[in-house]
Amino acid sequence: MNFLQIFSGASNMVEGVDRSFVVIFGISLFFLIGITGVMVYFIIRYDKKRNPKATQIEGSNTLEIVWTVVPLVLVMVMFYYGYRGYAKMREVPDDAMNIKVIAYMWDWDFEYENGKVSKDLYLPIDKPIKLNLTSIDVVHSLYIPSFRVKEDAVPRKDNYLWFIPQMEGEYEVLCTEYCGLRHSFMGAKAIVMKQDNFNIWLADFTPVDSGTIKGLEILRANACIGCHSLDGSKLVGPSFQGLFGASRTVLVDGVEKSVIADEKYLIHSIKEPNAEVVKGYPANVMQSYTKLLTDEQITDVANYLKTLK
Ligand code: CUA
């Protein structure tokens, strides 16, 4: 991120957040310098040479009142700026565009009102956006530093944040709540574009049939994708990407064998994961899902896996 972006208005929340930051930072800096200065002065002025005999000082109402009232006023000033910025963040305009954000280990899904789902957050410029946050496993936290917005995504709890993107460009989206092994990889991009371009992007998708969506939801609900990635990266188990129809070397009782990952193989691997373990991966890590999923659910999963080219 460009350092200068700290004071640019990538969203309408930048002003309020940066103002309270500067106020608090300014007050802190003033006292850091002031207190250090007084301390150094006292060390020199009252050292043993210049002040051989210590004097006890006791009681001063004026001093007590001054050092109570001044900090009180200062923290109230900090509270005022902090609250002003925060209050704006909780009042969503009625015409805001809703985007559902689904957090899971370890990725984000952004679901638009027309059903389009995307891995990056595409946004039209100058339009109020409301992100409705949920998580399907553990606590995550959506953070877009350039927009100065950050809110937790908590399982079984609805949370939200809103903002108006004000500058075209690409911005980082981060997870800022430690959520396990691949927490630091849980990033995405926020891409702010002109309304016309956004409309074209939004309309351009093929609605997936409900069986496929169900398959993905089952994978998420059972935390399958914690060990099997959807994007080709190697986790505890082999990735699901490009699996269907591919040839795999497996070990059956220690003997290598080549198999084609057809529907039968996929279903067999869900029911008996340790019968044919892909070479290079540990055995006995995965349990059988025969009792956890119905045959119909397993078929939905297999159908979904077929779409991961
Ligand atoms: Cu999700 Cu950290």
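The exercises below concern a predicted model, and each is followed by a worked solution.

**Exercise 1. Helix 1 and helix 2**

Determine how helix 1 and helix 2 are oriented to each other, and which residues meet between them.

Solution.

Step 1. Two packed helices are described by the angle between their axes and by the distance between those axes.

Step 2. Helix 1 covers residues 14–45 and helix 2 covers residues 61–90; their axes come within 8 Å and cross at roughly 165°.

Step 3. Angles over 145 degrees count as roughly antiparallel. Helix 1 and helix 2 are therefore roughly antiparallel to each other. Their crossing is left-handed.

Step 4. On the helix 1 side, the residues in the contact are Gly 16, Val 17, Arg 19, Ser 20, Val 23, Ile 24, Ile 27 and Phe 31. On the helix 2 side they are Leu 74, Val 77, Met 78, Tyr 81, Gly 82, Arg 84, Gly 85 and Met 89.

Step 5. Sorted by class, this contact has 10 nonpolar, 4 polar and 2 charged residues.

**Exercise 2. Strand 5 and its partners**

Decide whether strand 5 is largely enclosed, and find the strands that pair with strand 1 and strand 5.

Solution.

Step 1. Buried means under 20% relative accessible area. Of the 7 residues of strand 5 (residues 129–135), 5 are buried, so the strand is largely enclosed by the rest of the structure.

Step 2. Strands of a sheet pair through backbone hydrogen bonds, either parallel or antiparallel.

Step 3. Strand 5 pairs with strand 1 (residues 97–104) in the parallel sense, over 7 bridges. In this pair, Leu 133 of strand 5 has Val 101 opposite.

Step 4. Strand 5 is also joined to strand 8 (residues 159–163) by 5 bridges, and these two run antiparallel. Here Trp 162 of strand 8 has Lys 130 opposite.

Step 5. Strand 1 is joined in turn to strand 2 (residues 107–111) by 5 bridges in the antiparallel sense, with Lys 100 opposite Glu 111. The two strands form a hairpin with 2 residues between them.

Step 6. Strand 2 pairs antiparallel with strand 3 (residues 117–118) over 2 bridges, and Phe 110 has Ser 118 as its bridge partner. The hairpin of strand 2 and strand 3 has 5 residues between the strands, and there Gly 115 takes a positive phi near 100°.

**Exercise 3. The five-stranded sheet**

Give the strand order of the open sheet of 5 strands, name its edges, and identify the helix that packs on it.

Solution.

Step 1. The order is 4-10-9-6-7, and the pairing is mixed.

Step 2. The edges are strand 4 (121–124) and strand 7 (149–153), each of which pairs on one side only.

Step 3. On average, neighbouring strands of this sheet are turned by 20° against each other, direction ignored.

Step 4. Helix 3 (residues 195–203) packs on the sheet, where it touches strand 4 and strand 10 (188–193). The direction of helix 3 makes about 135° with that of strand 4.

Step 5. Within the sheet, strand 6 (residues 140–144) and strand 9 (residues 169–175) pair antiparallel over 2 bridges; Leu 142 stands opposite Cys 175.

**Exercise 4. Two residues compared**

Classify His 140 and Gln 297 as buried, partly exposed or exposed, and list their contacts.

Solution.

Step 1. His 140 lies in strand 6. Its relative accessibility is 0%, so His 140 counts as buried.

Step 2. Residues up to four places away in sequence are not counted; His 140 then touches Ala 103, Tyr 104, Met 105, Trp 108, Ser 135, Asp 152, Ala 153, Cys 175, Glu 177, Cys 179 and Met 186.

Step 3. Tyr 178 is 38 residues from His 140 along the chain, and their C-alpha atoms are separated by 7.2 Å.

Step 4. Gln 297 lies in helix 6 (residues 295–306). With 28% relative accessibility, Gln 297 counts as partly exposed.

Step 5. Neighbours within four places in sequence aside, Gln 297 is in contact with Ile 218 and Leu 292. Gln 297 and Lys 214 are 83 residues apart in sequence, with 8.1 Å from C-alpha to C-alpha.

**Exercise 5. The three-stranded sheet**

Work out which strands stand at the edges of the open sheet of 3 strands.

Solution.

Step 1. The order is 12-11-13, with antiparallel pairing.

Step 2. Strand 12 (255–260) and strand 13 (277–278) each have a single partner strand, so one side of each is left without a neighbour in the sheet.

Step 3. Strand 11 (residues 247–252) is joined to strand 13 by 2 bridges, and Val 250 has Val 278 as its bridge partner.

Note on methods
Residues are numbered from 1 along each chain as its sequence is written. This is a predicted model: local features need pLDDT of at least 70, side-chain atom pairs count only at pLDDT 80 or more; totals for chains, interfaces and linings use all residues. Side-chain values use heavy atoms; hydrogens and water are left out. Axes are lines fitted to C-alpha atoms, for helices over the stretch in contact, and angles run from 0 to 180 degrees between N-to-C directions. Helices (H or I, at least four residues) and strands (E, at least two) are DSSP runs, numbered from the N terminus. Angles under 35 degrees count as roughly parallel, over 145 as roughly antiparallel, 65 to 115 as roughly perpendicular and the rest as oblique. A crossing is left-handed if the near helix is turned anticlockwise from the far one by less than a right angle, and right-handed if clockwise. Contact means heavy atoms within 4.5 Å. Ala, Val, Leu, Ile, Met, Phe, Trp, Tyr, Cys and Pro count as nonpolar, Asp, Glu, Lys and Arg as charged, and the others, Gly among them, as polar. Buried means under 20% relative accessible area, exposed over 50%, partly exposed in between (1.4 Å probe, protein chains only). Two strands pair if DSSP finds at least two bridges between them.
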